[in-house]
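Q: Please take a close look at the charged side chains of this model and the salt bridges between them. Where are the partners placed, and how buried or exposed are they?

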Amino acid sequence: MDDAPALLVIVDGANVVGSVPDGWWRDRRGAAERLRDRLAADGVPGLPGPVEIVLVVEGAARGVGPVPGVRVEAAPGSGDDHVVELVERAGDRTVLVVTADRELRRRVTERGAGVTGPRAVRGRD
């Protein structure tokens with residue numbers, strides 16, 4: 001039996017939502033909820049399970065709640081800083097961060113996380 005913890009996937013919600021100009025700025029919370037629901041339904045295509053998904057939200061999306069399969073973390077300040085904190089707290093666990101933000105990618109890879117872009121979870125929209 002494999003006792004290794006599930007892959008931790010941390011999704012930079014603001015960055016992923018903002019990666020497609022679909023009017024998300026008119027309803028930031030609704031856009032974050034749609035992303036959360038997509039993650040709950042589809043996970044991260046191509047990743048073998050088990051996977052634990054954490055969606056980091058900030059600003060107007062802070063009120064988004066969790067659903068089965070997706071833990072939602074409201075950043076008390078900067079979403080990027082909270083993503084970095086979650087990577088640091090993961091210790092030796094394998095972590096994948098979903099973001100296109102170059103500076104955040106640099107910060108989390110320095111701490112041992114892997115990175116992938118928003119297309120990994122956005123599908124074909």
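A: R71 is partly exposed, with a relative accessible area of 34%, where buried stands for under 20%, exposed for over 50% and partly exposed for what lies in between, computed with a 1.4 Å probe on protein chains only. The model is a predicted one, in which local features need pLDDT of at least 70 and side-chain atom pairs count only at pLDDT 80 or more, while totals for chains, interfaces and linings use all residues. Residues are numbered from 1 along each chain as its sequence is written, and side-chain values rest on heavy atoms, with hydrogens and water left out.

The partner of R71 is E73, and the closest N and O atoms of this salt bridge are 3.2 Å apart; the term covers a side-chain nitrogen of Lys or Arg within 4 Å of a carboxyl oxygen of Asp or Glu. Unlike the partly exposed R71, E73 is buried, with a relative accessible area of 16%. By this rule, the model holds ten salt bridges.

Another of these pairs is formed by the side chains of R107 and D81, which meet at 2.9 Å, N to O. R107 belongs to helix α4 (residues 102–109) and D81 to helix α3, so the salt bridge ties together parts that are 26 residues apart in sequence. Helices here are DSSP runs of H or I with at least four residues, strands are runs of E with at least two, and both are numbered from the N terminus. With a relative accessible area of 41%, D81 is partly exposed. The backbone gives a further relation for D81, whose C-alpha atom is 8.4 Å from that of L104, although 23 residues separate the two in sequence.

A third pair joins E88 and R111, whose side chains meet in a salt bridge of 2.7 Å, N to O. This pair, too, links distant parts of the chain, with E88 in helix α3 and R111 in the loop between α4 and β5 (114–116), 23 residues apart. Both partners are partly exposed, E88 with a relative accessible area of 48% and R111 with one of 36%. Elsewhere, salt bridges that share partners join E52, R71, E73 and R93 into one network, and the pair of R71 and E73 described above is a salt bridge between two of these residues.

What, then, of D80, which has no salt bridge? D80 sits in helix α3 (residues 79–89) and is buried, and the nearest side chain of opposite charge, that of R107, is 5.2 Å away; for this purpose Lys and Arg count as positive and Asp and Glu as negative, while His and the chain ends are not counted. R107 is instead paired with D81 in the salt bridge of 2.9 Å. Leaving aside neighbours within four places in sequence, D80 is in contact with D12, D101, L104 and R107, contact being heavy atoms within 4.5 Å.

One of those contacts, D101, deserves a look of its own. D101 lies in the loop between β4 (95–98) and α4, and at 23% relative accessibility this residue counts as partly exposed, whereas D80 is buried. Not counting residues up to four places away in sequence, D101 touches D12, N15 and D80, and D12 also appears among the contacts of D80. Finally, the C-alpha atoms of D101 and V16 are separated by 9.4 Å, with these positions 85 residues apart along the chain.
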